[in-house]
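Welcome! Take a moment to turn the structure around before reading on. A short guided tour follows it.

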Amino acid sequence: MPVTRRTFAAAAVCLVLPLSACGSGSDGGGSTDASGKVEGDITFQTWNLRANFKDYFEGVIAEFEKKYPDTHVKWIDQPAEGYADKISADAAGGTLPDVVNVSPDLVAPLAKAGLALDLDKAAAKYRKEYLAGAWASHRIPGMTGTYAFPWYLNTGPLFYNKSLFEKAGLDPDQPPKTYDDLFADALQLAKKSDGKVATLANVPTVEDFGRYGVELMNKEGTAFAFNDAKGVELLTKYKELYDAKALDPQALTATPESSGKKFLTEAVAMNPGSALDLDNFKKQAPNLYKNIGITDQITSTGHVNMYVMGVMVNSKTKHTPASVAFAHFVTDAEHQMSFAKKVAIFPSTAGSLDDPYFTKEDGTDVTRVRIAAAKSLKSAVNYTPVLFSEQMKTALRNEVAKALQGKESPKAALDNAVKQCDTLLRQQG
């Protein structure tokens, strides 16, 4: 899939895959034993990566085939549009590739259907090579096991407009560090600009509730819990911002792209982003670039949010040793590091973030952002629950909109969202 921070957020489309479509994980297919000879023809599927990284992946495959001469890897790349539907159709039809690029929410229904190999059983010896939080990101609540190798990670800071802060009487060198600071500064920015400058352009998502310290699900993974007192508190704060025009009025229908444009045109004072955005600011909004401030994501937990991609092995593969070996090869420290130098993503392998590329300043903002993000990733969390589907995101967004518009109380809105999400969760099987 595209590897900007924004598309990480947007493209984690959910796969709704009924268990009946695939049969159970016990009949037919491969072995969980990855210790045999690495040989055979396997297929490797990526998510919208061929256009920009054809040479890179062809090089990785050639290296693997040289190391294991009795193997042949066929590379398939699928477009971003309809990727989840393609995986669902392949899973139902028994044509799922041997090694598949997935996000955690895509792997969940495949694991439940017995189609994702449990790496805690088949590849436990590799576990220590990865950051603990990244390895854990492909675990499924209510199941034991880990169902994909972690691959590339992404996160980003908050950008803020120093000029807008200064005009509102706020210290441009002291951006908000806590949620209380953020809400206070946002109200002041709105007041001083007569409602012309909002601070935020997006309504709270499930990851925002996570960063605020809300318990999102019960421990068993059988029910959602973001309608607790802390969740209601966060939505109540957002309602105050919305009423004061400190939250952009178009936030109810905003996309990451439209929010980015609001920040670019200086109608919004803060926006999440990544190192990739800095080049965009420089070209399209030199005045904004001149006044750009960079600060950490705001959390109540001390852990920033990360987006994570994975590489799953089809449990039905006829060539388990080769498939596991290739999935590990693509995601090992050496290959993750070389990929990270081609695009603004981060390796999930332990120790890689200590490389000078992620630690050594060179005076540029791009490097500064990369270093800050790498540091935060060492203890980052993928807040979006693995079982939180696209339909659930829509249910939460619709109820949040009703609360902000005053059609429901924050408590009623979150109660309704949890009820709808729990119903959808039961339908997942």
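The notes below look at a sheet, a pocket, two loop residues and some salt bridges.

Please keep in mind that this is a predicted model.

**The sheet**

Let's begin with the strands. Five of them make up an open sheet, arranged in the order β2-β1-β3-β8-β4, and their pairing is mixed. At the edges you will find β2, covering 71–78, and β4, covering 149–154, and each of these pairs on one side only. Within this sheet, neighbouring strands are turned against each other by 20° on average, direction ignored.

You can zoom in on one edge of the sheet. There β4 pairs with strand β8, residues 307–313, in the antiparallel sense, and four bridges link the two. If you would like a place to start looking, find Phe149, which stands opposite Val311 in β8.

**A pocket**

Now for some empty space. The second largest pocket holds about 510 Å³. How many residues line the second largest pocket? Its lining is made of 21 residues, and those that lie nearest its centre are Pro141, Asn382, Tyr383, Pro385 and Val386. Sorted by class, the lining has 11 nonpolar residues, seven polar ones and three charged ones.

**Two loop residues with a positive phi**

Next, have a look at the backbone. Asn48 is not a glycine, yet its phi is positive, at about 60°. You can find Asn48 in the loop that runs between β1 (40–47) and α2 (50–67). Its relative accessible area is 30%, so Asn48 counts as partly exposed.

Asp194 is another residue that has a positive phi without being a glycine, here about 55°. Asp194 belongs to the loop between α8 (179–192) and α9 (206–211). Is Asp194 buried or exposed? It counts as exposed because its relative accessibility is 65%, and the cut-off for exposed is over 50%.

**Salt bridges**

Finally, let's turn to the charged side chains. Searching the whole structure gives 15 salt bridges. The table lists some of them, with the distance between the N and O atoms.

| Salt bridge | N to O distance |
|---|---|
| Lys37 and Glu39 | 3.7 Å |
| Lys54 and Glu58 | 3.2 Å |
| Lys239 and Asp243 | 3.0 Å |

Where do Lys54 and Glu58 sit relative to each other in helix α2? They are four residues apart in the helix, so about one helical turn separates them. Both ends of this salt bridge are partly exposed: Lys54 has a relative accessible area of 38%, and Glu58 has one of 35%.

You can trace a similar spacing in helix α10, residues 229–243, where Lys239 and Asp243 are four residues apart and therefore separated by about one helical turn. Asp243 counts as exposed, at 51% relative accessibility. Salt bridges with shared partners also join Lys37, Glu39 and Asp70 into one network.

Two members of that network can be described further. Glu39 is partly exposed, with a relative accessible area of 36%, whereas Lys37 counts as exposed at 52% relative accessibility.

Definitions and conventions:
Residues are numbered from 1 along each chain as its sequence is written. This is a predicted model: local features need pLDDT of at least 70, side-chain atom pairs count only at pLDDT 80 or more; totals for chains, interfaces and linings use all residues. Side-chain values use heavy atoms; hydrogens and water are left out. On a 1 Å grid over the protein atoms alone, a cavity is a set of points where a 1.4 Å probe fits but cannot get out, and a pocket is an open set with protein on both sides within 12 Å along at least five of seven lines; lining residues have an atom within 4 Å of a point. Grid points are joined across faces, edges and corners, and a volume is the space filled by probe spheres set on the points. Ala, Val, Leu, Ile, Met, Phe, Trp, Tyr, Cys and Pro count as nonpolar, Asp, Glu, Lys and Arg as charged, and the others, Gly among them, as polar. Two strands pair if DSSP finds at least two bridges between them. Axes are lines fitted to C-alpha atoms, for helices over the stretch in contact, and angles run from 0 to 180 degrees between N-to-C directions. Buried means under 20% relative accessible area, exposed over 50%, partly exposed in between (1.4 Å probe, protein chains only). A salt bridge is a side-chain nitrogen of Lys or Arg within 4 Å of a carboxyl oxygen of Asp or Glu.
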